[in-house]
Amino acid sequence: AQVALVEVLVEIKEYVRIILKRGWIIVLLAVITAASAVVFSKLQRPVYRATLYLNTIPMRLDWSVQQTIKNMMRNYGRQITSDQTLGRVNDLLQLDMPPDMLRPDVSVDPIESDLLIQIAVDSYDPMLAKEIADTAADVFVTDITQRMLDQDQRDRVDVFVSDYARPGALFKPKWKVNGLAGAVLGGLLGLLVIFYLEWLEA
């Protein structure tokens, strides 16, 4: 066992020697790939994401009603991205973007545990992302509120905006993440290169 341990330590010492000897190759490749990733990211057109949340609160808080609401939330999501809702968003904002063009930029995710619906909108313009998210929420809330008037008051669901979206924050490209990934990739490539060079010399 001691002999095996000594052999392992010798191997580790040899690997350290090789890395210290040609470490500059690892550093160089890491810097080159990181810089390339950052430059590539900076050349991409930035996309901004605006996000808001809708509350879906039942008038009755018993378990059966809450379960029904959770099941309905997925349907609510489809309604928000429907041709009818997005068509009205387009008309109100005068976007000249039909629903099929607008839909890929709008994502809706129910958060059933919190009775929330998240609406996220991507755009090259941070203010436009906010306006689309806010308008889509307003159109949906108006529609659902009107429909609830036909329901018994005890069975109604109060749907309202928690907070309107802020101007879109940078969503992509994430140049810091890309730069770090490039550095890691370059470092791994550098390791392969130096061990290949050692193998050639041997």
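A crossing of two helices is called right-handed if the near helix is turned clockwise from the far one by less than a right angle, and left-handed if the turn is anticlockwise.

## Packing of α2 against α7

In this predicted model, α2 passes α7 in a crossing of the right-handed kind. Helix α2, which covers residues 23-43, packs against α7 at an angle of about 150 degrees, and the axes of the two helices are 7 Å apart. Because angles over 145 degrees count as roughly antiparallel, α2 and α7 are placed in that class. Sorted by class, the residues in the contact of α2 with α7 comprise 14 nonpolar, 8 polar and 1 charged.

## Helix α7

Helix α7 takes in the 27 residues 175-201, and at 1.5 Å a residue it should span 39 Å; since its end C-alpha atoms lie 38 Å apart, the model agrees with that expectation. The buried residues of α7 include the glycines Gly-179, Gly-182, Gly-186, Gly-187 and Gly-190, and to these are added Ile-194 and Glu-198.

Ahead of this helix, in the loop between β5 (169-172) and α7, is the place of Pro-173. The peptide bond that joins Lys-172 and Pro-173 is cis, with an omega of about 0 degrees.

## The loop between α4 and α5

Two residues with positive phi fall in the loop that runs between α4 (83-93) and α5 (99-102), namely Gln-94 and Asp-96. For Gln-94, which is not a glycine, phi is about 50 degrees, and the residue is exposed, having a relative accessible area of 72%. For Asp-96, likewise a residue other than glycine, phi is near 60 degrees; because exposed means over 50% relative accessible area, Asp-96 counts as exposed at its relative accessibility of 70%.

## The chain as a whole

The secondary structure of the protein chain amounts to 7 helices and 5 strands, and from the N terminus on these elements follow the order α-α-β-α-α-α-β-β-α-β-β-α.

As to overall dimensions, the C-alpha trace of the protein chain spans about 85 × 50 × 25 Å along its principal axes. The radius of gyration of the protein chain is 27 Å, whereas a compact globule of 202 residues would have a value near 17 Å. Of the 202 residues in the protein chain, buried residues make up 35%.

Terms used
Residues are numbered from 1 along each chain as its sequence is written. This is a predicted model: local features need pLDDT of at least 70, side-chain atom pairs count only at pLDDT 80 or more; totals for chains, interfaces and linings use all residues. Side-chain values use heavy atoms; hydrogens and water are left out. Helices (H or I, at least four residues) and strands (E, at least two) are DSSP runs, numbered from the N terminus. The expected span of a helix is 1.5 Å times one less than its number of residues. Buried means under 20% relative accessible area, exposed over 50%, partly exposed in between (1.4 Å probe, protein chains only). Axes are lines fitted to C-alpha atoms, for helices over the stretch in contact, and angles run from 0 to 180 degrees between N-to-C directions. Angles under 35 degrees count as roughly parallel, over 145 as roughly antiparallel, 65 to 115 as roughly perpendicular and the rest as oblique. Ala, Val, Leu, Ile, Met, Phe, Trp, Tyr, Cys and Pro count as nonpolar, Asp, Glu, Lys and Arg as charged, and the others, Gly among them, as polar. The radius of gyration is taken over C-alpha atoms; the globule rule is 2.2 Å times the number of residues to the power 0.38.
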